[in-house]
Amino acid sequence: MIELYLLLFKIQFNFFNLFPLKEKVTFVVSFKDNGLFVYNEMKKKQIPCKIVFLCEKSSYSEIKKNVDSEVLLFEIKNFKNFIKSIYHLATSKHIIVDNYFGFLAAINFKDEVECIQLWHAAGAIKTFGLKDKSVSFRSNHANIRFQRVYNKFEKIIVGSDEMAEIFKEAFNISENNILYTGIPRTDLFYNENYQNLIREELLGKNPLFKHKKVIFYVPTFRDGSLNDFELHLDLDQLYRELSKEYVVIIKLHPAITNKLMINKKFDNFVFDFSSYSNVNDLLFITDYLITDYSSIPYEFSLLEKPMIFYPYDLEEYQQQRGFWGPYEKLVPGPIAYETQDIIKIIKNDQFDYEQIRTFAKTWNKYSKGTSSENIVNCLFNKKSFMKQN
């Protein structure tokens, strides 16, 4: 089925490839943030070119309501939009993608076209690409197909030297493929006016948060939890120990279909924010972040606030997914394996703030609040963004 899909895609693309290229940027997105930041910077600078967004379902509605350019749902079942999407891919001078997209294995862009990988995360704990543990289970043909996709990334955007090295391993690319512009979605962490506005809005809607410290729990999506997510937090224990001074907000991955069932006894203590679209906004009212294998800490560290890492299934996850190094050396905070550990860490303030600052400086070396502008300057003014000593 994959091969048939790619063959049909290739035939259609090759037909549209006969058409002349246009001064056009086409974003292919699974996640909304990075693409929107670059889009807004292009609008701000009044870049004279057409902009198109090809969106997976996960990002379509948010992109659609935030741009005044053409936005297409990039799905084969929406056949008309799908054909239009292929047309835009074949006739754009700039293609910006934020994830792995299999169709790239089947097509060849013209020499004048730039395909830029604007990855959806500023850092990585779990492995991906050629270092993903699933590689050993794929056929040789499938691995070749994956490498064809990676070969299409003429340039890859990074915010740190560490992430550059990860991409080199994950995609089998060289230093010449790296652009050290910084990550666009981190720009808002340098925008105090925006942060204050978001805090005012969220606290206005949730006045109880003004008088309590906010604990934000963001568990990573796990294979097999799509329809039967299980919360591995003892809410009773948290309630008994922390409810006087704290509230807990929880945001599940958007792909999870079953709703979080919270007992009425935890009203005014536990809040489900799974439907809130912008996770970064919630970080501005967060006092303590709890996560496991997510990339959120790379951005949250810019706020220099404490983090707890709760990998309750560490050994199993390590075997299934793998990490870019020993877990305890990858995370900038204490590790908890049970709810009681979390309570103890918070009550005893067991945080190394210098470790957090060092982590932020290391992983956001090139993300200094001007990343979106840097990318636009790179695309249209041909400025060079090389590795710094």
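Helices α2 and α15 are roughly perpendicular to each other. In this predicted model, the axes of α2 (residues 33–44) and α15 (residues 371–380) cross at roughly 65° and come within 9 Å. Because angles of 65 to 115 degrees count as roughly perpendicular, the crossing is described in that way. Its hand is right-handed. On the side of α2, the contact is formed by F37, V38, E41 and M42, and on the side of α15 by S372, E373, I375, V376 and F380. Sorted by class, the residues of this contact comprise six nonpolar, one polar and two charged.

The strands may be followed next, beginning with the sheet that contains β1. Seven strands form an open sheet in the order β3-β2-β1-β4-β5-β6-β7, and their pairing is parallel. The edges are occupied by β3 (70–73) and β7 (178–179); each has a single partner strand, so one side of each is left without a neighbour in the sheet. At the β7 edge, two bridges join that strand to β6 (residues 155–157), and the two run parallel. Within this pairing, I156 has I178 of β7 as its bridge partner. Towards the other edge, helix α3 (residues 57–66) lies across β1 (22–29), β2 (50–55) and β3. The direction of α3 makes an angle of about 155° with that of β3.

A further open sheet has five strands, arranged in the order β10-β9-β8-β11-β12, again with parallel pairing. Its edge strands, β10 (270–272) and β12 (307–309), each pair on one side only. On average, and with direction ignored, neighbouring strands of this sheet are turned by 20° against each other. Strand β9 (residues 246–250) runs parallel to β10 and is joined to it by three bridges. The residue I249 has F271 as its bridge partner in β10.

Helix α13 (residues 339–347) lies across four strands of this sheet, namely β8 (213–217), β9, β11 (288–291) and β12. Relative to β12, α13 runs at about 155°. Helix α13 also packs with α8 (residues 235–242), at an angle of about 25° and with the axes 9 Å apart. That angle makes α8 roughly parallel to α13. The crossing of these two helices is right-handed. Helix α8 contributes Q237, L238, E241 and L242 to the contact, while α13 contributes T339, Q340, I343, I346 and K347. By class, four residues of the contact are nonpolar, three are polar and two are charged.

The path leads finally to the loop that follows β10. Is F273, a residue of this chain, buried or exposed? The residue F273 lies in the loop between β10 and α9 (279–283). Its relative accessible area is 10%, and because buried means under 20%, F273 counts as buried. Leaving aside neighbours within four places in sequence, F273 is in contact with N206, F209, I249, I250, K251 and L282. One of these partners, I249, is the residue whose bridge partner in β10 is F271. By contrast with these contacts, the C-alpha atoms of F273 and K329 are separated by 30 Å, the two residues being 56 residues apart along the chain.

Notes. Residues numbered from 1 in each chain as written. Predicted model: local features only at pLDDT ≥ 70, side-chain atom pairs only at ≥ 80, totals over all residues. Heavy atoms only, no water. Pairing = 2+ DSSP bridges. Axes fitted to C-alpha atoms, helices over the stretch in contact; angles between N-to-C directions. Contact = heavy atoms within 4.5 Å. Parallel < 35°, antiparallel > 145°, perpendicular 65-115°, else oblique. Left-handed = near helix turned anticlockwise from the far one by under 90°. Nonpolar A, V, L, I, M, F, W, Y, C, P; charged D, E, K, R; others polar. Buried < 20%, exposed > 50% of the residue type's maximum accessible area, 1.4 Å probe, protein only.
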